[in-house]
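Here are a few exercises on charged side-chain pairs. Grab your viewer and work through them one at a time.

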Amino acid sequence: MADSTSLEGRVALVTGASRGIGAASATALAARGAHVILTGRDVRALEAVEDAIHEAGGTATIAPLDLAEQDGIARLAAAVAGRWNKLDILVIAAAYLPTLTPVTQIEPKQFAQAVTTNLLATQALIAAFDPLLKRSDGARVVGLTSSVGADARPFWAAYGSTKAAFESLLDSYAEEVRKLGDIRVAIVDPGATRTAMRAKAYPGEDPATVKEPAVVGRRIAALVGEDFPTRHRERVVNPA
């Protein structure tokens, strides 16, 4: 499991770890030596990611979780605190994409789910894991965003507005803890990536024309080992 920057002894939690960028990030973190807590709703998919990590020589623990479930995040934080008493890395990759539609036709239930998954759950994660992050000697929080959060686009309002708020929430947290330790917060735009969410948004696109999630996962795993300034932002590009 050797890599250029070791994460041995670090504990990481990745949301949305059952597939796509979340799974790729978890795999890449484990490849660098971190013990990764895998969260998501699909138990079988989480088990498959866990098995792949173990087969490659890494370590991981699955923690099935519906981010919309009341008190679920608090219970998870209590369980993590009971076993590790700290959290070094938090990667917020889970997200929900509503149907692309004009603002005037946004479906309320889908919008509510996007707000819950993309925004309310993020606040709950930060609130629940803040004490554990503060016990780490250099915690890293990475939130996955989208360009539509900063640059409004027709038909993307239901998703883009939640990502704009997501970014604001993470930036505020970064400022609140700036002088309270060494918690660094980064916001990463993965760019065009071969995921189920991308396929839903661009059904006519050839998947082979966009990068694989592993590219983003490897960059996130490298980033958390760097001494970046808090409120760092970057967009992941496909390597030449």
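A salt bridge here is a side-chain nitrogen of Lys or Arg within 4 Å of a carboxyl oxygen of Asp or Glu. Keep in mind that this is a predicted model. By that cut-off, the structure holds 17 salt bridges.

**Exercise 1.** Work out which parts of the chain the salt bridge between Arg10 and Asp137 links.

Solution. Start with the distance: the closest N and O atoms of Arg10 and Asp137 are 2.7 Å apart. Next, place the partners: Arg10 sits in the segment before β1 (11–15), while Asp137 is in the loop between α4 (108–134) and β5 (140–144). That makes it a link between distant parts of the chain, 127 residues apart. Now the surroundings: Arg10 is buried at 18% relative accessible area, whereas Asp137 is exposed at 62%.

**Exercise 2.** Do the same for Asp227 and Arg184, and say what their salt bridge ties together.

Solution. The closest N and O atoms of this pair are 2.9 Å apart. Asp227 lies in the loop between α7 (213–223) and β7 (232–235) and Arg184 in strand β6 (residues 184–189), so their contact ties together parts 43 residues apart in sequence. As for accessibility, Asp227 comes out exposed at 62%, and Arg184 buried at 17%.

**Exercise 3.** Classify Glu69 and Arg75 by accessibility.

Solution. First, the contact: these two form a salt bridge, with closest N and O atoms 2.6 Å apart. Partly exposed runs between the 20% and 50% limits. Glu69, at 39%, is therefore partly exposed, and Arg75, at 45%, is partly exposed too.

Conventions: Residues are numbered from 1 along each chain as its sequence is written. This is a predicted model: local features need pLDDT of at least 70, side-chain atom pairs count only at pLDDT 80 or more; totals for chains, interfaces and linings use all residues. Side-chain values use heavy atoms; hydrogens and water are left out. Helices (H or I, at least four residues) and strands (E, at least two) are DSSP runs, numbered from the N terminus. Buried means under 20% relative accessible area, exposed over 50%, partly exposed in between (1.4 Å probe, protein chains only).
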